[in-house]
There are 2 protein chains.
Amino acid sequence: MLFVVDPHSGVPIFRQLMEQAKLAVAGGRLSPGDPLPSVRSLALSLGVNPMTVSKAYNLLEREGVLARRPGLPLVVADIAPDELGARRLGELERLLGPVADQIRELGVDPDDAVALLRRLLTGTEDA
Amino acid sequence: MLFVVDPHSGVPIFRQLMEQAKLAVAGGRLSPGDPLPSVRSLALSLGVNPMTVSKAYNLLEREGVLARRPGLPLVVADIAPDELGARRLGELERLLGPVADQIRELGVDPDDAVALLRRLLTGTEDA
DNA sequence: TATACTGTATAGGTTGACTAATACACCAAT
DNA sequence: ATTGGTGTATTAGTCAACCTATACAGTATA
């Protein structure tokens, strides 16, 4: 199953779906042209309302991640390879932006924060 | 005037107050032992409800920024800089852990991610 | 004790984000 | 044209965050 949601996580369901779709595309688990699960089937398997899935799909289409074909399933948008790299960087920035804000708010030394991230990414894998 | 709030900024008033108090402490404009404006006087000068100020003060006390003395004004907490730094690093690790997982999921080069975080932390700030 | 400060517990009102229910428009295939 | 599939506009309901009003508890000082 490509999508998993937790209704009690505090994160809106449609955002969880958008997040997972973006990561799947950026990470290569979904390629341009691949069809997505239909609104109804995905809603049924996740136990949520079809409109919630539709909202996520619609926003992803506006962001250029998905392509719409009226009356047919949505597919992953056709993206040039260089743009994929740029998109990956953009995704990374979207991840790190809010984190950087919080780090600044914490008043932590930037060098310490950067060193910690490097340790987490290259060092031992922790829970 | 140490505190200024904008009710229309979208940022909750009590968070604006917390932010400014933390920055004042970190920046040395408030030192350990210094008293804060009373809940009522600050609320009056800002045109907000006293409970809103009290909420900010209360949260700051829980975070260890302020110290409570029943019946008397709150003062800036007396905390060893080392302890404060350690506590912040702990919070930072909880913050960066899940982010590191997602970065790995993206398949981004760790060096790129680390470099981006450094740029975000040392570069320009946002509105 | 009276008074005038300090902060706060409790409850209610307002607002906005999120989700859901219904009915609809579109396309393909029979 | 009918059936079964796609996504969606509209409307209504739910829920949590935020701010506020009121009344209260503790402490210092005269």
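This is a short walk through a structure with two protein chains, A and B, and two DNA strands, C and D.

Before setting out, note that the model is predicted: local features need pLDDT of at least 70 and side-chain atom pairs count only at pLDDT 80 or more, while totals for chains, interfaces and linings use all residues. Residues are numbered from 1 along each chain as its sequence is written, chains are lettered from A and ligands numbered from 1 in the order in which they are written, and side-chain values use heavy atoms, with hydrogens and water left out.

Let us begin with chain A. Its fold has five helices and two strands, where helices (H or I, at least four residues) and strands (E, at least two) are DSSP runs numbered from the N terminus. In sequence order the pattern reads α-α-α-β-β-α-α. The C-alpha trace spans about 55 × 35 × 25 Å along its principal axes. Of the 127 residues in chain A, 36% are buried, meaning under 20% relative accessible area with a 1.4 Å probe, protein chains only.

Next, see how the two chains meet. Chain A brings 34 residues to the contact and chain B brings 31, with contact meaning heavy atoms within 4.5 Å. The size of an interface is often given as the accessible area lost when the parts come together. Here the chains bury about 3400 Å² between them, 71% of it on carbon and sulfur atoms; this buried area is found with a 1.4 Å probe and summed over both parts. On chain B, the trio B:Leu106, B:Val114 and B:Leu121 supplies 19% of the area buried against chain A, more than any other three residues.

Charged partners also take part. There are four salt bridges between the chains, each a side-chain nitrogen of Lys or Arg within 4 Å of a carboxyl oxygen of Asp or Glu. You can look up the one between A:Arg118 and B:Asp111, whose closest N and O atoms are 3.7 Å apart. On the side of chain B that touches chain A, helix H4 (81–106) and helix H5 (110–122) each give two or more residues, and H4(B) gives the most, with 15 residues.

Now turn to DNA strand D. Among the 21 residues around it, A:Val39, A:Arg40, A:Arg68, B:Ile13 and B:Asn49 come nearest; a residue is near a strand if one of its heavy atoms lies within 4 Å of it. Sugar or phosphate accounts for 62% of the strand D atoms within 4 Å of the protein, and bases for the rest. Phosphate oxygens of strand D lie 2.7 Å from a polar backbone atom of B:Ile13 and 3.0 Å from one of B:Asn49. B:Thr52 instead offers a polar side-chain atom, 3.2 Å from a phosphate oxygen of strand D. H3(A) provides the largest share of this surface, three residues.

DNA strand C comes last. It has 19 residues around it, and A:Ile13, A:Asn49, B:Val39, B:Arg40 and B:Arg68 come nearest. Of its atoms within 4 Å of the protein, 64% belong to sugar or phosphate. A backbone N or O atom of B:Val39 sits 2.8 Å from a phosphate oxygen of strand C, and an N or O atom in the side chain of A:Thr52 is 3.2 Å from a phosphate oxygen. B:Arg40 reaches a base: a polar side-chain atom lies 2.8 Å from a base oxygen of strand C.

Conventions. A polar contact is a pair of N or O atoms within 3.5 Å; within protein, one must be able to donate a hydrogen and the other to accept it, and residues adjacent in sequence count only if both atoms are side-chain atoms. Buried area is the accessible area (1.4 Å probe) that two parts lose on being put together, summed over both. Buried means under 20% relative accessible area, exposed over 50%, partly exposed in between (1.4 Å probe, protein chains only).
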